[in-house]
Amino acid sequence: MIKLKYYFFNSDLADEIVEKETCNEYYSFTKTKHDNVYVSKVQILKYNKDIGKEVGDYISIDINNLDDFKEREQVSDLLASSIRKIIEKYHLKDNFHVLVVGLGNENVIADALGPETCKGVIVTNHLYEYERNSIKKGIGRVSMISPGVMGQTGLETFSIIKGIAKETKPDLVIAIDSLCSRSIHRINRVIQITDSGIRPGSGVGNNRKALTKATLGVPIVAIGVATVVEIINLVNETLASVEKKGTAILNPRERKEILKNLTTDEKYNMVVTPKEIDQDIMYLSTIIATGINKVLHNDIKYV
């Protein structure tokens, strides 16, 4: 496979950009296996424009079989553990208030992960406000918002969340959104958790102002799933797969020219998602909502 250094194959997943397990002045990358589930941790130590990721921790959980109930439970537990590790760094007070934000457009299934996840999150802030005596031990203080997208509201998503955070003063924001992968094989099969923030709409090629600790004034945990892949990545991966089998369809110059056309021709500016996206989003949103609930409501029992 040739290296196309002149073209950036977009990915929101840190472990796809770093790729190699190593440690240097810019990052460290380790991978562990839990039964059939791999967990990768990329720690960006210093910003580098070639990597393009902000300083912070990026934990990726690869799902082997999304249809397997036991594996979904395991992934939910690993997700909860990863969220706890990030939250612990913030040294929050007892009964800290968490604002859960479901980013995306619920009317576009590939972009609906955030809103669908929020439907399963247990909200309790109103009880803390008006019925504090009814709150049992272990029940966290949680509020939730699905702000929609600019095409629905006419408002910048960041402005909505910033305004809510300013008014309600949460101690932590957990944001969920759809992401973009370089590989068709990782679509709907990897969950990334990071403390570096998130840029709403990045997964569907519609970047908005970033949600970070610096811009919101509140610590943030961003959770995302790669639900789409860009056409250029799909074509490049397909050609690479054929070449690995020993059949070169194109010479390097021809291949580079095709990929160049894909980046410059407007009609190829699109993303692809699997036909099973409806069921996948249902499973993934349940996994993430359950993981969040396990962290924020640690005395709740799950069957």
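Student: What makes Arg 72 a residue that lies over the face of Tyr 283?

Tutor: In this predicted model, Arg 72 is placed at 4.0 Å from the ring centre of Tyr 283. A charge sits over a ring if it is within 6 Å of the ring centre and within 35 degrees of the ring normal. The value of 4.0 Å meets the distance limit, and Arg 72 is listed as lying over the face of Tyr 283.

Student: Which residue lies over the face of Tyr 38, and how far is it from the ring centre?

Tutor: Lys 31 lies there, at 5.9 Å from the ring centre of Tyr 38. The distance limit is within 6 Å, and 5.9 Å satisfies that limit.

Student: How many aromatic pairs does the structure hold?

Tutor: The number of aromatic pairs is 0. For a pair to count, the ring centres must lie within 6.5 Å.

Student: Why is the contact of Arg 186 and Glu 16 called a salt bridge?

Tutor: The term requires a side-chain nitrogen of Lys or Arg within 4 Å of a carboxyl oxygen of Asp or Glu. Between Arg 186 and Glu 16 the N to O distance is 3.3 Å, so the pair qualifies. Arg 186 belongs to the loop between S6 and strand S7 (190-194), and Glu 16 to helix H1 (residues 14-18), so the salt bridge ties together parts 170 residues apart in sequence. Both Arg 186 and Glu 16 are buried. A network of salt bridges links Arg 186 and Glu 16 with Asp 15 and Asp 62. In total, the structure holds 10 salt bridges.

Student: How do you know that Glu 25 and Lys 46 form a salt bridge?

Tutor: Their closest N and O atoms are 3.7 Å apart, and the limit is within 4 Å; the pair therefore counts.

Student: Why is Glu 25 called exposed, and what is Lys 46 called?

Tutor: Exposed means over 50% relative accessible area. Glu 25 has 52% relative accessibility, so Glu 25 counts as exposed. Lys 46 has a relative accessible area of 43%, which falls between the limits of 20% and 50%, so Lys 46 is partly exposed.

Student: What makes Arg 141 and Glu 129 a salt bridge, and where do they lie?

Tutor: The N to O distance between their side chains is 3.0 Å, which is within 4 Å and therefore meets the definition. Arg 141 is in strand S5 (residues 141-148) and Glu 129 in helix H4 (residues 125-130), so this pair ties together parts 12 residues apart in sequence. Glu 129 is partly exposed, at a relative accessible area of 45%.

Student: What makes strand S6 mostly covered?

Tutor: Strand S6 (residues 172-181) has 10 of its 10 residues buried.

Student: How do you know that S6 pairs with S4, and with S8?

Tutor: Two strands pair if at least two bridges are found between them. Strand S4 (residues 97-103) and S6 have 5 bridges in the parallel sense, and Val 100 stands opposite Ile 174 in S6. S6 and strand S8 (residues 220-230) run parallel and are joined by 9 bridges, with Leu 179 opposite Ala 226 in S8. Both counts therefore satisfy the definition.

Student: Why is Thr 117 called buried?

Tutor: Its relative accessibility is 0%, and buried means under 20%, so Thr 117 counts as buried. Thr 117 lies in helix H3 (residues 113-118). Its side chain reaches the backbone oxygen of Leu 113 at 2.8 Å. Not counting residues up to four places away in sequence, Thr 117 touches Ile 176, Ser 285, Ile 288, Ala 289 and Ile 292.

Notes:
Residues are numbered from 1 along each chain as its sequence is written. This is a predicted model: local features need pLDDT of at least 70, side-chain atom pairs count only at pLDDT 80 or more; totals for chains, interfaces and linings use all residues. Side-chain values use heavy atoms; hydrogens and water are left out. Rings of Phe, Tyr and Trp (its six-membered ring) pair if their centres lie within 6.5 Å; planes under 30 degrees apart count as stacked, over 60 as edge-to-face and the rest as tilted. Buried means under 20% relative accessible area, exposed over 50%, partly exposed in between (1.4 Å probe, protein chains only). Helices (H or I, at least four residues) and strands (E, at least two) are DSSP runs, numbered from the N terminus. A polar contact is a pair of N or O atoms within 3.5 Å; within protein, one must be able to donate a hydrogen and the other to accept it, and residues adjacent in sequence count only if both atoms are side-chain atoms. Contact means heavy atoms within 4.5 Å.
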